[in-house]
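Here is a short question-and-answer session about aromatic rings and the labels they earn. Have a look at the model, then follow the reasoning step by step.

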Amino acid sequence: MKETKNAAAVEAASKKDSLKAMDAKLKTRKLRTVVGAVVFVGMAAGLIAGVSMGTLSGFGWDTFSLLCPLGALGTMIATKTMIPRAVVSLLLIAALVLVFGRAFCSWLCPTMLVDRVRDFFRSPRKRRELAEKKNSEIKAISQQEIESLKAAKAGHACGACGKCQPVKHGKVDSRHAVLGGALLSTALFGFPVFCLVCPVGLTFATVLVIWRAFAHGDATIGLILIPAMLVIELVVLRKWCSNFCPLSALMNLVGRFSRTFVPTINDEKCLETARATSCSKCAEACEADINIRHPEFGLRTMADCTRCRNCVDVCPTKAITMPVFVGKKAGKTVVEIPDPVMDDDLKPSLD
């Protein structure tokens with residue numbers, strides 16, 4: 001009994017060390033948090049001081065301004081008018097998404113900061129449970145790839161397991177249904193309805209109502225209602241970004257055509273293909289639920305890549321890069337399978 005307890009304690013410590021090791025490797029995540037916080041604090045301070053250039057829902061100065069693409073589209077639908085400023089904003093945002101994908105979501109969006117705060121207060125036990133659940137699912141896919149590669153070496157015609165299996169995801173998901181509902185409600189009611197509940201706008205509105213309440217004694221129902229709406233969306237609906245956000249869905253439609261700064265795997269360095277060793281650390285670290293090694297099995301496709309660079313940071317062999325331009329659609333290469341023996345320093349901790 002004592003030996004069993006000791007073994008369990010050792011296993012728990014190993015898992016805890018594995019989580020700490022992964023967190024330590026996510027250097028870019030810390031940078032993204034700092035960038036997002038600086039932008040948010042700067043814009044919030046501008047609102048409070050009355051010298052703001054706007055918020056992330058729409059900002060500008062003099063004759064230049066950039067509107068939220070969903071807000072711009074909703075405004076034109078509501079007014080049934082082609083508004084030059086809205087059209088220019090849509091074109092500029094589309095160009096940015098084509099180049100940087102959904103980078104806004106991981107580098108600037110305030111909901112990212114709310115997620116960081118929520119994760120900070122999450123218990124270590126809960127973190128381990130979530131990590132272990134995701135790890136077990138991804139590991140099974142990784143093992144399937146290895147078995148497929150071994151079969152290819154034995155004479156099977158196909159060495160990429162994903163191409164032999166049905167695709168698990170569709171081209172549209174629940175976010176696109178919310179997007180359709182947001183645009184339809186705008187047409188029916190004559191104003192951008194979603195803007196009333198947009199978490200990006202609600203975060204800045206929360207700062208304003210709290211400031212006015214403490215600085216000027218201007219306590220209204222909004223002091224309760226606005227933060228409550230934000231909590232419901234980002235805490236109760238914990239999968240807001242991946243399941244509900246219509247702005248994410250809009251960027252997804254454009255991101256399908258992006259071929260720049262896309263994470264690319266070098267099969268000659270990847271542990272699964274080069275050494276027949278289960279890894280999938282990139283899939284574990286992806287905040288957008290994309291399985292970089294096996295995108296056909298992930299919850300999301302590369303069209304949802306937020307350029308967060310987590311996959312680049314955690315790859316034990318530095319097999320993942322983000323080239324400026326990907327000339328052709330990335331695919332898997334059938335490589336020679338060596339004896340699955342590897343150096344201890346490259347061996348990923350998966351259990």
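Q: Why is Phe244 called partly exposed?
A: This is a predicted model. Phe244 has 29% relative accessibility, and partly exposed is the class between the buried limit of 20% and the exposed limit of 50%, so Phe244 counts as partly exposed.

Q: What makes Trp240 and Phe244 a stacked pair?
A: Their ring centres are 6.1 Å apart, which is within the 6.5 Å needed for a pair. Their planes meet at 25°, and planes under 30 degrees apart count as stacked, so stacked is the right word here.

Q: How do you know that Trp240 and Phe244 are separated by about one helical turn?
A: Both belong to helix H11 and are 4 residues apart, so about one helical turn separates them.

Q: Why is Trp240 called buried?
A: Its relative accessibility is 8%. Buried means under 20%, so Trp240 fits the term.

Q: Why does Phe194 count as buried?
A: Phe194 comes to 12% relative accessibility, again under the 20% limit, so it is buried.

Q: How many aromatic pairs are there by this rule?
A: The count is 4. One of them joins Phe194 and Trp240: with centres 6.4 Å apart and planes at 5°, this pair is stacked.

Q: Which residues do ring pairs link into a cluster?
A: Phe194, Trp240 and Phe244 are linked in this way.

How values were computed:
Residues are numbered from 1 along each chain as its sequence is written. This is a predicted model: local features need pLDDT of at least 70, side-chain atom pairs count only at pLDDT 80 or more; totals for chains, interfaces and linings use all residues. Side-chain values use heavy atoms; hydrogens and water are left out. Rings of Phe, Tyr and Trp (its six-membered ring) pair if their centres lie within 6.5 Å; planes under 30 degrees apart count as stacked, over 60 as edge-to-face and the rest as tilted. Buried means under 20% relative accessible area, exposed over 50%, partly exposed in between (1.4 Å probe, protein chains only). Helices (H or I, at least four residues) and strands (E, at least two) are DSSP runs, numbered from the N terminus.
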